[in-house]
Every structure is written in C-alpha cells, then in structure tokens.
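Subject: Structure handover

Hello,

Here is the structure I promised to pass on. Please open it first, then read my notes below.

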Amino acid sequence: MTSTAVPATVLVAGGYELAEGGRWVDGRYVYVDILSGRLFELRDSTGSAQLAAMDVPLGAVAPVADRPGTWIAAAGTGIALLSADGTPEWLDRPEDRTPLPSRMNDGVADPAGRFWAGSMAYDGTRGAGSLYRTDPDGTVVRVLDGLTIANGPAFTADGTTMYLADTAVGTILRCRVDPVSGDLIGGPETFARLREDEGSPDGMTVDEEGCLWVALWGAGAVRRYHPDGRLLHTLTVPAPHPTSVCLHPDGNRLLVTTARYGVKNPTAASGAVLSVPVPVGGVAACPWRGRR
C-alpha cells in the first residue's frame, strides 16, 4: 500500500455545507448540497451552475433515461422524479413510516437501470437506516435494514456486485446482486472495516479496472481498494471531510466533493469540489430506466 499527498485543484471554492453525490452525466459533473436541497452541474467551459432546488434535503440523483433534464432523486423521506423547475413527483416516501425522524442519503443507478439509495435517522440512531431499490416500474423496495448511515452505493460494470458503506460504524459491505431481478444473493459480507482513527467510509465509485475508491470522512483522505479487499493506495486531500468521489471518464482526474459541516476552521477546500490527478479513469453514471 502506498500513500500520497497529491496537488488538488479547487474547481469550486468552499461554501457548500454538505456537498455530495458527485457523478459524471452527459459530459458534465453533477453533485448536490444535501442540506440546502440543491442540485448543481459543473462544466469545464462555464463553471458551476444550479440545476434545481428542493425544499427538503437532497441526497443524490441519477439521470432518467430518455428524459433529458429529469432526475430520479433520493430526497427528503423518499424517492421522487425531479423536473428542471424543481417540482417533485413522489414515487414513495418510505421514511415517513419509520419511528424516528429520518431522511434519504446517497444513491446511484445500477447498470440494469434500477436506482438504489440509503437512509439515516437525523440523530444518527444506530440501526435506523435502510437501503432501498427503485425498480423501473417505480416500485420502491426496502432491500436492507439495520444500517446506521447508508452511503455510497457503487456497482461493478456488470452490475453483479454492489458496495455499500455504513459510515457511522466504519464498514464497507459487499453484496452480490442478481442483475435480472435486482435481488440480493445471500447476505452482505464485510469488504473492509476501518478503525476509528482511519476515518469513516462515505461516497464510493468503481474505476475502469474494477477497483473501489472510497472517500474517508474525518480523515482528509481517499482510498483505493482492489476487488479482493487489499488496500492499494491512499490519497491525502486538503479537506477533513471528503464526501464523494467520481472518476472522469477521459481525463484521469478524481473529482471529490467535501463538506464544511463540522469543520471548526474551514478553508477554501472545505465544502468545495476538488480535482486530483490519478492514473485511471471511470465510467459515466448509469440512468434510471423507468417511467417512459
């Protein structure tokens, strides 16, 4: 395992309370500021621009296939379709039916076109979070419960393996997925477990070589893991709370969102979007293939 402090470029200066959910979509980088409910895009030519805003926390989005400008969103207490004007069409709000005040968190679409998103209790109650799957017909299914802060679903290119972080307990899970039905095959297994002094696993992505990249909240670092679980590399970034990672499909750049939340002396890199040079590329975000 190697560790490197690499030069990071601030693409969008700090100011986001909790930027997260970075994805590469249709030639631009999209991300959210969770607590303010806003969705942004970043283009090389024009800089950052707001795409939509909601009046509830916005955890993550994925594009909707064949509907430009429409997103499926993990937001508030459930899953919604989000139009360009920010008007939500709610598919379901399952966290309304939980005993604790809760919200949706990170989410991603898999290669088969299903949308997966986690939840958490506002007070971080252990075991109060869940993982949901939204099928192409719009049905929202609870797939796992007993999580605390479900974060960073990330899929291999064939859609048969999903990685899921439970941030609060320092665990990265690996789940086998039936690519046809979306059902989990067996129970989750522990892929990696981090000590408290190593930070907490947050947003994740899989690169073109099948390796897993993980943002480490509280550690100012990003890790790259081999599919067999070996830690290959650690990158140090100039912000204590990196929240999500996205690999540019062409430019060998790692795009990292960070948070100002919980930072006593924030800098321009806290609550920013950073770019870090890396020797491998990624893939564009998959769309949700429903509601045509």
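In which strand does Ser-102 lie? Ser-102 is in strand S11, which covers residues 102-109. Keep in mind that this is a predicted model.

**Ser-102**

Is Ser-102 buried or exposed? Its relative accessibility is 5%, so Ser-102 counts as buried. The cut-off for buried is under 20%.

The side chain of Ser-102 has two polar partners to look at. One is the side chain of Glu-95, in a polar contact at 3.5 Å. The other is the backbone oxygen of Leu-100, which lies 2.9 Å from a polar atom of the Ser-102 side chain.

Glu-95 also appears among the residues that Ser-102 touches beyond four places in sequence. The others in that list are Gly-76, Thr-77, Met-120, Ala-121 and Tyr-122. For a sense of distance, take Thr-125. It sits 23 residues from Ser-102 in sequence, and the two C-alpha atoms are 9.7 Å apart.

**Arg-133**

Next, go to strand S13, residues 129-134, where you will find Arg-133. Arg-133 counts as buried because its relative accessibility is 6%.

What does the side chain of Arg-133 join in a polar contact of 2.6 Å? The partner is the side chain of Asp-135. A polar atom of the Arg-133 side chain also lies 3.0 Å from the backbone oxygen of Gly-182.

Setting aside neighbours within four places in sequence, Arg-133 has contacts in several parts of the chain. Among them are Arg-114, Phe-115 and Trp-116. Thr-139, Val-140, Val-141 and Val-143 are in contact with Arg-133 too. So are Ser-181, Gly-182 and Asp-183. Gly-182 is thus named twice here: as a contact of Arg-133, and as the owner of that backbone oxygen.

**Cysteines**

How many disulfides does a search of the whole structure find? The count is 0. Cys-246 is in no disulfide, and the nearest cysteine sulfur, that of Cys-286, is 12 Å away.

Why is there no bond between Cys-286 and Cys-246? The sulfur of Cys-286 has its closest cysteine sulfur in Cys-246, but 12 Å is too far for a bond. A disulfide needs the two sulfur atoms within 2.5 Å.

The two cysteines also fall into separate accessibility classes. Cys-246 counts as buried, because its relative accessibility is 4%. Cys-286 is at 24%, so Cys-286 counts as partly exposed.

Best wishes

How values were computed:
Residues are numbered from 1 along each chain as its sequence is written. This is a predicted model: local features need pLDDT of at least 70, side-chain atom pairs count only at pLDDT 80 or more; totals for chains, interfaces and linings use all residues. Side-chain values use heavy atoms; hydrogens and water are left out. Helices (H or I, at least four residues) and strands (E, at least two) are DSSP runs, numbered from the N terminus. Buried means under 20% relative accessible area, exposed over 50%, partly exposed in between (1.4 Å probe, protein chains only). Contact means heavy atoms within 4.5 Å. A polar contact is a pair of N or O atoms within 3.5 Å; within protein, one must be able to donate a hydrogen and the other to accept it, and residues adjacent in sequence count only if both atoms are side-chain atoms.
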